[in-house]
Amino acid sequence: MTRTAELAPPAAGKTRPTRGQARRGQAQLRRILTGALGLIVLAALWELYKLLGPADGVVVGGTTLLPRTSDLAMPHLWVMAERVLEPVTGAAAALPLWLVVLQGSMFTLGIAAVGWLVGVTVGLLLALLMQRFRLAESAVLPWIVLSQTVPLIALAPLVRRWGSQIEVGNFSWESWMSVALIASYLAFFPVSVGALRGLSSPDANHVDLMHCYAAGWWTTLWRLRLPASVGYLLPALRLAAASAVIGTVVAEVSIGLRGGIGRLIVEYAGAAGGDPGKPWAPIFGSIAVGLLAAGFVGLIGLFLRRFRRGEVAA
Amino acid sequence: MIMESAAGGRAPAVEVGGVSRVFTGRKGASVTALDDVSLTVAPGEFVSLIGPSGCGKSTLLRLIADLDTPTAGSIRVFGKPARQARIDQDYGIAFQQAGLLPWRTVAGNIELPLELHGAGKAARRARAAELIELVGLSDFAENYPDQLSGGMQQRVAIARSLAESPSLLLMDEPFGALDEMTRERMQNELVRICGETSAAVVFVTHSIPEAVFLSDRVVVMSPRPGRIRDVLGVGLGDTAERGENLREDEAFFHAVSQVRELLHGQAPTGARGVETR
Amino acid sequence: MIMESAAGGRAPAVEVGGVSRVFTGRKGASVTALDDVSLTVAPGEFVSLIGPSGCGKSTLLRLIADLDTPTAGSIRVFGKPARQARIDQDYGIAFQQAGLLPWRTVAGNIELPLELHGAGKAARRARAAELIELVGLSDFAENYPDQLSGGMQQRVAIARSLAESPSLLLMDEPFGALDEMTRERMQNELVRICGETSAAVVFVTHSIPEAVFLSDRVVVMSPRPGRIRDVLGVGLGDTAERGENLREDEAFFHAVSQVRELLHGQAPTGARGVETR
Amino acid sequence: LTGCSTGTDTDDGSPGAADGELTPVTLQLQWVAQAQFAGYYAAVDQGFYEDEGLDVTITEGAADIVPQDVLASGDADFAISWVPKVLGSIEQGANITNVAQIFERSATTQISFKDAGIESAADLKGKNVGSWGYGNEWELFAGMQKAGVEVGDIKLIQQAFDMNGFLSGDIDAAQAMTYNEYAQVLETKNPKTGELYQPEDLNVIDWNEEGTAMLQDAIWANADLLESDKDYADTTVKFIKASIRGWIYAAENPEDAAGIVTAAGSQLGQSHQLWMTNEVNKLIWPSTNGIGMIDEEAWQNTVDIALNTKNETGATIITADPPKTAWSNTYVQQALDELEKDGVDVKGEGFKPLTVTLKEGGA
Amino acid sequence: MNRGQQGGAGLVRTALPPVVFGVAALLLWQWAVVALDIKAFILPGPFLIGEEFAANLQNVIAGMVVTGRNALIGLLVGALLGILAAIVAALVPVSDEMGAPIVASISVVPIVALAPVLYTMFGAGAETARQIVAGLAVFVPVYFNTLKGLRQVRPVHRDLMRSYAASSWQATKTVTLPTATPYVFTGLRIASSLAVISALIAEYFGGPVGGLGKSITSSASSSNYGLAWAYVLGSILLGLLFYSAALALEKLVSRRTAG
Ligand SMILES: Nc1ncnc2c1ncn2[C@@H]1O[C@H](COP(=O)(O)OP(=O)(O)OP(=O)(O)O)[C@@H](O)[C@H]1O
Ligand SMILES: Nc1ncnc2c1ncn2[C@@H]1O[C@H](COP(=O)(O)OP(=O)(O)OP(=O)(O)O)[C@@H](O)[C@H]1O
Ligand SMILES: Cc1ncc(C[n+]2csc(CCO)c2C)c(N)n1
Ligand SMILES: [Mg+2]
Ligand SMILES: [Mg+2]
């Protein structure tokens, strides 16, 4: 039944965009509403469990299977919401919490974007290298996979220490660059793997065709491999965006960069006992930044729609 | 075996001399896809390759196109080594699958070879329009491949193979995916186009009527190892003169029967079916 | 139009009465795939559906198989509603793609319908062995589909469709992917199998010779909207008697020409090609 | 290529305030901006460093930043760190010197709710005991060892950035700095009473009293440079001198000092910040020998514990006595002399701490 | 036997380039450390790391056991939930749409933010929170890949099942699940090393001591970077072990089902 649309013969020549767009808009709206409903259900579950669940959680054989319901562990949702509207501290000049978190989010997003760019660039270059030279692929790919088993917390101080040794002319390494670099360490991975798959994705048929046209490697890359890889690249870029945000937050904590979400998470943690709503604000901030970043990359997909025509709807 | 065709003074379009191709599998086993195959195609001549699956038709075509290199023997295209001919773009090629780039429009796909070889934008446009007209897709120039039926896609691929007016066309089962009616229509168009451009054609097919209908000569191949079993001059009149009625002609059925028998390994006895019953 | 076949006292194998099928696309546009189609297939009769792409052949077959429901009209299989016939497993079906489950062996695939309907293990084994023998794949019973050629896969699919000895076989271009020689071999085998099991067959094809070779009657369809243009009784002898030589018989060529003309929309004038030239 | 900005970079030997040319100096803290470092922030804010011709940049610490490594690798000119943490680094090859022991007392305690009945280190046996790790755990281990409790006798739990593990009862005895985590608990509502927790609700094991206190926040300098670079040595004295003035300012104006730290970007609430300032002052004042003077006995005590205390893997902090260069009173002495010459009270005998009232959440 | 030799040769051919590359990189690193006289507390050389690894093998292995256990439990639970949730989402499309924002959020939330909350919810004195962190990290790729796999059923197979009048459970068992299996394994392979790294980073924010993550940070905080990196090496080995196990399981199952 879901095949209907795909099987329908293409309307010869021109399509009528307006009606289609309206329909798609409607579907989109419905999806958003259902998604919102999902969130509401989750919120209701939270409050319901908090109301009915035992204070010490559901413990079976010494293992806590369901969480504790104390105000410390599961603050009421309205406590979190109210807290966001209040000032960060009692000081006269204190900004409201939401504003501070928003500023932190933007800061983190900015660094994550730089990390993403670096990661994507490195990932693409690696993929090109591996696509071009089979030996490079077999020698490097396992190490790329392995690289992701090294915990960031071990790398972060190294990166900062080495970065601070760099000082060329007017350029001097700053802490935020270390954070961006660590973010790129997570971001490059999906891109290199995805791009490699994408670059090797063209049919033998198409590769033969380019060969028949006596097209060189660069021409084949530009005319065939890159366009063909778009379908693989976009999910990889989205994954990289989420990873870049995660990496940024972790690195902010790790090397203590001020201004971002990671720092707020650490600093508000101390208030967890006396002000249980406060630590949740940067957590939601970090989720929002992640979704925003992933959504942003989704936008890129819109511009590259042309290159995804070959894909069958999942 | 009749392998020479009267070709006048010009170099033959294709000259395959004692070519073998052995594939070595990963497990050490080797497959002799072609064994000592020789074949000459004259300029402007239409030659079909027919034979059971795995007899090496595609392999031979790929060797001519320099998409693969022979284990032994030599291949010359218009008197040059195959590699040179490929670089000089002496041939156009169409595969069994249309192989269009899904992100390019019909026009964009047809322009591709011209673009790669540095033709100017205006020239490309004009040539593409001409070819689209030729294959009867004028209303679809700006459509994307996924908006076309299989037959239409195949026509685009043929137009693309003609883009640089090659004097040699290599086609590997280009009509394999089409339904009978569309297929016949495409065959008629191919006959017309070849008449107009007087290109030589090497045409791989599984269909006996198709081979007979289109060709000057039909090359019947046998598998394991891939060899040329026989070459049958069909000569149902000059390309340009052949028309729709030919398909219901007695000589047509006669030739079909002959090719069938060759394929089944019998000596061609003449149209036994028709004459002895 | 000749639609009734002499069927004796038993209920017809298939009885399609005034069936229409309209697809409503997501964009509101609707396609009339079938328009007021009526057709009766007698028990044991072999009927081919032929027609250009998109004329509704597959749709009709899917309606008979109750894989889809008609917008209007009724379909009865052996006197029961199509749905009941499906649940009672009155038919076997084979699609254009073999559609084997890649994680099951040849034997496992053939056993699948038996397994689903609760046949015992030993019975399944025996029946599968028998069918594998029938389609000539005894050496490959324990192979997986990806180790078989397209033709072999198709033979497995046919064996699978025969597993429960259905009195009706529905086949949608089962030989579409095969090369000419294998295809002819498979056609011969199908003729033999049908002779042995005396099942009725509804057979979709694009190939005129195939339709003519196999069928008692050929149903020629026309597209947009899908309708039955004509039904041609071929009657080239009883199924069991037909053999290889038939293909080179004059009556064969005659029938082929007739179907061609029907397809192209002319009234069947008799074998114009053969007789008037 | 060290790339760091040590005072040695300037050509003219001793840039005084008069020159207008300030010597750039970087100070690496061991944690983020908070009143634990009030003296340094006050010295910046009040222009004490500038008076000495120094342009001080304070670099905050973080979970994975080891201040003594930053110092040793040349990325900072001075660092604040605890003596036991640094001893390990020195043994690993970091050549640095304790030039001023700012905190005289230890602020590390092990706190527990009254009903757990943990009143001394011996009571820790069989309990869930919290610690941050990161080198903050040695006083605890030493105290336990002294009381005959093996590391294997307790269940050791790593504490998070918050005190929730303690408040939820997962940790029976939690590590708490008097100036920070102890206050965090007192800022939390007791669900039983609906009021904030009171000091009476808690038992506190104070390592100063148990005799296993180790030396905490000290100013560390690069030993190689102290040896080879006269300017750096001068800068060190100036830096110590201005820092001490900062700490004196914090003792005399705790509210202002707390405000200065908050203005420097600390996210702590007002009452918490003031509490921390006050508690930190108590670690310094009154000063027995003058602020910053390293007490040889206390140093030796710290070294002894470092040599003999085993952690959960059986390792000790150090395996051999630290080198002579590990500490020096030369510079702080000079700074104190100059200050006393100016009539500054560097012992704070009359120091009177405030009584700070904590508000919920430290607000 | 001949086959076996061939397989051995194949292994050598696939393993040789990365090993050569790796050894070359390690040697270069060691050379740099020696030639540039880099102190261990700035960058330990591979030989030093190796020495520390050998000298503390017992502790490293103990850490691997603790962290590996958490990762394994997280992997099993997360994978199970991911597969179940994907089946539900495939059967009830509304639940897919309702869960979309939640799953999307889980996929972007940093462990840094999550771990402290989970410790409070499930107790800082137990390993549960770490196992949940690993489980959530595993859930995401397993869920997405399984869901994708469940939607790969080919129309011809669906038609076939209908023509057999198969019950929906029969269809699920004979067609849908086997079709999805390779996709599930792709998800598991990605998830396997993710489970290790997540369980490890969760240790950073509390919980019982003994795991690799805690050991890394406490060695580093006393500037014992050789030891810290020996633990890092342990974590790499653990990740590799999990990855190889997932890969082997995938090979095993796919051989059984698809020849
Ligand atoms: N790249 C290859 N590696 C190994 N063997 C190959 C390769 N290409 C073709 N072969 C083998 O060579 C033989 C000839 O193959 P080829 O594709 O030329 O047959 P064909 O006549 O085109 O068949 P079909 O009609 O099925 O397309 C076959 O046995 C095939 O298995
Ligand atoms: N599920 C569907 N939704 C919408 N339109 C459909 C659907 N199935 C078939 N059609 C349309 O119905 C018409 C008949 O399709 P059908 O598949 O029966 O043709 P066919 O004769 O089998 O063609 P072919 O020879 O190409 O297989 C076509 O126009 C097709 O586009
Ligand atoms: C991972 C981790 N690192 C540091 C602290 C905080 N901390 C507690 S005491 C101390 C020394 C100086 O204040 C520091 C930094 C923590 N809670 N968790
Ligand atoms: Mg071929
Ligand atoms: Mg069809």
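This is a short tour of a predicted model, chain by chain and ligand by ligand.

**Stop 1: the whole complex**

Start with everything on screen. The predictor gives this complex an ipTM of 0.84 and a pTM of 0.86. Eight is the number to keep in mind here, since 8 pairs of chains touch. Which pair has the most contacts? That would be chains A and E, and we'll get to them shortly.

Now select chain D and look for chains B and C. There is no contact between chain B and chain D, and their closest C-alpha atoms are 49 Å apart. Chain C and chain D don't touch either, with their closest C-alpha atoms also 49 Å apart.

**Stop 2: chain E, colored by confidence**

Hide the rest and color chain E by pLDDT. The average is 87, and 94% of the residues score at least 70. Go to residues 1–6 of chain E, where the pLDDT is below 50; leaving out near neighbours in sequence, this stretch has 2 contacts in the model.

Which elements of chain E sit at the two ends of the confidence range? Helix 1 of chain E, residues 2–35, has the lowest mean pLDDT, at 76. Helix 3 of chain E, residues 57–91, has the highest, at 94.

**Stop 3: where chain A meets chain E**

Bring chain A back. Here, 52 residues of chain A contact 43 residues of chain E. The size of an interface is often given as the accessible area lost when the parts come together. For chains A and E, the buried area is about 4,200 Å², and carbon and sulfur atoms give 77% of it.

Next, show Thr149(A), Ile153(A) and Arg161(A) as sticks. These residues supply 14% of the area that chain A buries against chain E, more than any other three residues.

**Stop 4: ligand 1, on chain B**

Center the view on ligand 1. Among the residues around it are Phe23(B), Val31(B), Ala33(B), Glu173(B) and His206(B). Sorted by class, the shell around ligand 1 has 4 nonpolar, 6 polar and 2 charged residues.

Zoom in on the oxygen atoms of ligand 1:

- Gly54(B) places a backbone N or O atom 2.8 Å from one of the ligand's oxygen atoms.
- Gly56(B) has a polar backbone atom 3.0 Å from an oxygen atom of ligand 1.
- Lys57(B) has a polar side-chain atom 2.8 Å from an oxygen atom of ligand 1.

How much of ligand 1 does the protein cover? On its own the ligand has 630 Å² of accessible area, and the protein covers 60% of it. If you turn on the cartoon, strand 2 (30–41) and helix 1 (57–64) of chain B are the elements that give two or more residues to this shell. Helix 1 of chain B gives the most, with 3 residues.

**Stop 5: ligand 2, between chains**

Move on to ligand 2. Why do you need two chains on screen here? Residues from chains A and C surround ligand 2, so the site is shared between chains. There are 15 residues around ligand 2, and Ser53(C), Gly54(C), Lys57(C), Ser58(C) and Thr59(C) come nearest. The shell is made up of 6 nonpolar, 7 polar and 2 charged residues.

Again, look at the oxygen atoms of the ligand:

- Gly54(C) has a backbone N or O atom 2.8 Å from an oxygen atom of ligand 2.
- Thr59(C) has a side-chain N or O atom 2.5 Å from an oxygen atom of ligand 2.
- His206(C) has a polar side-chain atom 2.9 Å from an oxygen atom of ligand 2.

The protein covers 78% of the 630 Å² of accessible area that ligand 2 has alone. Chain A's share includes residues from helix 1 (4–7); this helix, together with strand 2 (30–41) and helix 1 (57–64) of chain C, gives two or more residues to the shell. Helix 1 of chain C gives the most, with 3 residues.

**Stop 6: chain D and ligand 3**

Finish with chain D. Its mean pLDDT is 90, and 94% of its residues reach 70 or more. Residues 1–17 of chain D have a pLDDT below 50, and beyond near neighbours in sequence this stretch has 37 contacts in the model.

Then select ligand 3. Its surroundings include Trp31(D), Trp82(D), Trp132(D), Tyr134(D), Phe161(D) and Tyr179(D). Gln36(D) has a side-chain N or O atom 2.9 Å from an oxygen atom of ligand 3. A side-chain N or O atom of Trp132(D) is 3.3 Å from a nitrogen atom of the ligand. Taken alone, ligand 3 exposes 430 Å², and the protein buries 94% of that.

Methods: Residues are numbered from 1 along each chain as its sequence is written. Chains are lettered from A and ligands numbered from 1 in the order in which they are written. This is a predicted model: local features need pLDDT of at least 70, side-chain atom pairs count only at pLDDT 80 or more; totals for chains, interfaces and linings use all residues. Side-chain values use heavy atoms; hydrogens and water are left out. pLDDT is the predictor's confidence in each residue, from 0 to 100. Helices (H or I, at least four residues) and strands (E, at least two) are DSSP runs, numbered from the N terminus. Contact means heavy atoms within 4.5 Å. A residue is near a molecule or strand if one of its heavy atoms lies within 4 Å of it. A polar contact is a pair of N or O atoms within 3.5 Å; within protein, one must be able to donate a hydrogen and the other to accept it, and residues adjacent in sequence count only if both atoms are side-chain atoms. Accessible areas come from the Shrake-Rupley method with a 1.4 Å probe; for residues, only the protein chains shown count as cover. Ala, Val, Leu, Ile, Met, Phe, Trp, Tyr, Cys and Pro count as nonpolar, Asp, Glu, Lys and Arg as charged, and the others, Gly among them, as polar. Buried area is the accessible area (1.4 Å probe) that two parts lose on being put together, summed over both.
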